[in-house]
Each structure stands twice: as C-alpha cells, then as structure tokens.
Amino acid sequence: MDGAAVQMLPLPHKAFFLAGGREIQYCRPLVMGIVNVTPDSFYDGGRYNLPEQAVAHALELVEQGADILDIGAESTRPGAYPVSQEDELARLIPVITDLARRVTVPISVDTSKAAVAQSALNAGACIVNDVSALRWDQAMASVVAQSGAAVVLMHMQGAPRTMQHAPRYGDVVTEVATFLHERIQVAEAAGISKARIILDPGLGFGKLLEHNLELLNRLSDLTKLDCPVLVGPSRKAFIGHLLDRSVEHREWGTAAAVALAVDRGAAILRVHDVAMMADVVKVATAVRSNMPKGVQEHDA
Ligand code: HH2
C-alpha cells in the first residue's frame, strides 16, 4: 500500500514506578540505551570517558529513540576488577547531574554500591540497576526503598572477576526464576513495592552459551513472576561465539536476540545500538501484537 501510514492502536497499558513520584506507562517494550563512563567496558570502554563525551552520547541515544538511559561507571564484563566508590562517583555524578537537566527520559544508574546509588538519585536518577540484586551492599535495599526508585534485580552466578570460569546449573531457567522470586521477597521485606521491581536473567553473568540461549528461549517463564523483565543481550560474548564475530560486528546477532526477547515478553531491552534496536522492537512488537488487530492503517 503505497503512501499508507500505520499507527499503533493503544494496547493495554502497563506501568512501573520511579523515584520522584514518576511513573512509566508503556504499551510496547522500552529501549534502554547504555552509556558507559568507563575506560574498560567490553564494547565501548574508553569512548565516553570524559563527562562531555558521555553526555553527548546519551543525548544522541535519546535522539535515536532511547526510552531510558542507563549510566554506568564500573565495567562488569567477565574478568573485570571492582572500581572504588570514589572513582565511580567521580565518573558518574557530573554526567547524571548534567543529563538530568537536559533530558526528560528516566535515568537509571548501573551500580551495586548504596552510596553511589544515593548520590546518583540525588543528582536526578530514578532507577537503580543493581546487577547484584541487592546482595553486595547491605544498605542498597533501604536506599532504594526510601527513595522510591525503581530497581532492576539481576541474576548472576558468582562475581564478574571469575563468573565465567565454570558456571553450572541443573535447570537454568528454574534456578534463575527461583533466585529472582527470592530477591523480590527480600526487596518487598525491605519496603520496596513490587510495582517498582524489574527483573533480569543476567545474560552473560555466570552463564555458558547454552544457558543464555535457554534463558532467552524460555524468557516467558520469567514474566510469570509478574514484574517487567529486562534483557541485556547487546553485543555479548554468546552472540560472538555463535557467529564467530568480534564485538564490533555483533549488531545483527543482537537484533535477532532482541526480536525474540520481545516475542517472549521482554518489557525492556538494554542495548548499545539504540536506533537500530528501536526499529527491531517496533517490528517485533507489531508482529507479536498481531498486525491486523494491533495496527490501524490510514491513507496518507
Ligand atoms: N549487562 C552489562 C552491564 N549491566 N545490567 C543489567 N541489568 N543487565 C545486563 O545484562 C547488564 C547490566 C554488561 O554490558 P555493558 O554495560 O555494555 O558492559 P560493561 O559491564 O563492560 O561496562
């Protein structure tokens, strides 16, 4: 149909709550753009080290369609050494402070340290993305609870330094689901309402290729825990292993993982390549929601 425009019909809205009394309502999966203010991240380490580089990159991701920005200052790639609190704060806070004035999309801080999360929330972040799921810093749960921030609870076996040495599971999906269920209970007991909790299977965090594939394939099992599910396949090693491609050439492989994650119910896709993956999410969502019902066509 030449010249026809398509418009999404409103699908049932879902929502989760953020710090500052804010709320995200969504009727399609959200794209979370990654901003690494680090010298050593596995893909973009060293590119956005200076605050002005990181801010410019974040603004570009918003232009490209990012619904959320995730700002991190400590690489969690396999083999990474921890970063000190002082260094993490020095890298993150100028970037978050500046961005909070310049963008309206919610800002997430990728940290496992309570003091860093608190400073980032004070500077304008409203989501805490904690890859340790509140386990590594005992003060983290109360920082999240008292701020009213949304929190990402991610599964990881081991810790970044050694997590890829010998990951082992019986049934990986059941074990990850059981872990996430327990972490929801811990979070709720600390005063974090379920409406603020996002779950993440932690692709690449203490997982072999077969574990990552099974988690993606059976992602819908995790949506049964009744929280939005975030997935972060972007350019990760399991895609490199499947394709025998270096990190610079994994965008098509990432696109396949993103499309299938959308089909299996992912609510948030954490990606480096926002423009490309925003298109992938749109098409996958239209197919999933059944085109003839979910999309209206108008003659332009
Ligand atoms: N992956 C990375 C970092 N943080 N957070 C969540 N919730 N889920 C993920 O899958 C996830 C994450 C690793 O990616 P990246 O930030 O690009 O690399 P690095 O850790 O080397 O900075």
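## Helix H3 and its surroundings

Let's start at the end of a helix: right after H3 comes Gly124, and its phi is positive, near 125 degrees. This is a predicted model, so keep that in mind throughout. H3 itself spans residues 114–123, and its buried residues are Ala114, Val116, Ala117, Ala120, Leu121 and Ala123.

What sits on top of those buried residues? The cover includes two helices, H2 (85–102) and H4 (140–147), along with two strands, E6 (107–110) and E7 (127–130).

## The sheet

Now for the sheet. Eight strands make up an open sheet with parallel pairing, and reading across it you get E9-E8-E7-E6-E5-E4-E11-E10. Strand E9 (197–200) and strand E10 (230–231) stand at the edges with a single partner strand each, so one side of each has no neighbour in the sheet.

E6 and E7, met above as part of the cover over H3, are partners here: they pair in the parallel sense over three bridges. If you want a spot to look at, Ser108 has Ile127 in E7 as its bridge partner.

## Strand E4

How much of strand E4 is buried? Seven of the seven residues in this strand (residues 30–36) are buried, so to speak mostly covered. Leu30, Met32, Ile34 and Asn36 point one way, while Val31, Gly33 and Val35 point the other way, and all are buried. As background, side chains in a regular strand alternate between the two faces of the sheet.

E4 has a parallel partner in strand E11 (residues 268–271), with four bridges between them. Here Val31 has Leu269 of E11 as its bridge partner. E4 also pairs in the parallel sense with strand E5 (residues 68–72), this time over five bridges, and Gly33 is matched with Leu69 in E5. To get from E4 to E5 the chain passes through helix H1 (residues 51–63), and this β-α-β crossover is right-handed.

## Strand E5

E5 is mostly covered too: five of its five residues are buried. Ile68, Asp70 and Gly72 point one way from the strand, Leu69 and Ile71 point the other way, and all are buried.

Which strand does E5 pair with over four bridges? That is E6, again in the parallel sense. Within this pairing, Asp70 stands opposite Ser108 in E6. Ser108 is also the residue whose bridge partner in E7 is Ile127. E5, H2 and E6 together make a right-handed β-α-β unit.

## Pocket and cavity

On to the empty spaces. The largest pocket has a volume of about 580 Å³. Its lining counts 38 residues, and those nearest its centre are Phe42, Arg77, Leu203, Phe205 and Lys236. By class, the lining divides into 16 nonpolar, 14 polar and eight charged residues. E4, helix H6 (209–217) and helix H8 (237–243) each supply at least two residues of this lining. H8 gives the most, with three residues.

There is also one cavity of 30 Å³ or more in the structure, and about 50 Å³ of space lies in the largest cavity. Which residues line the largest cavity? They are Glu74, Thr76, Asp110, Thr111, Ser112, Val131 and Trp136. Sorted by class, that lining has two nonpolar, three polar and two charged residues.

## Two residues with positive phi

Gly124 has a positive phi, but a couple of residues other than glycine deserve a look as well. Leu134 has a phi near 70 degrees, a positive value in a residue other than glycine. You'll find Leu134 in the loop between E7 and H4. Leu134 is buried, with a relative accessible area of 5%.

Then there is Asp244, with a positive phi of about 55 degrees although it is not a glycine. Asp244 lies in the loop between H8 and helix H9 (251–263). Is Asp244 buried or exposed? Asp244 is exposed, with a relative accessible area of 72%.

Terms used. Residues numbered from 1 in each chain as written. Predicted model: local features only at pLDDT ≥ 70, side-chain atom pairs only at ≥ 80, totals over all residues. Heavy atoms only, no water. Buried < 20%, exposed > 50% of the residue type's maximum accessible area, 1.4 Å probe, protein only. Contact = heavy atoms within 4.5 Å. Pairing = 2+ DSSP bridges. Right-handed = clockwise from strand over helix to strand, strands pointing away. 1 Å grid on protein atoms, 1.4 Å probe; cavity = no way out; pocket = protein on both sides within 12 Å on 5 of 7 lines; lining within 4 Å. Points joined across faces, edges and corners; volume = space filled by probe spheres on them. Nonpolar A, V, L, I, M, F, W, Y, C, P; charged D, E, K, R; others polar.
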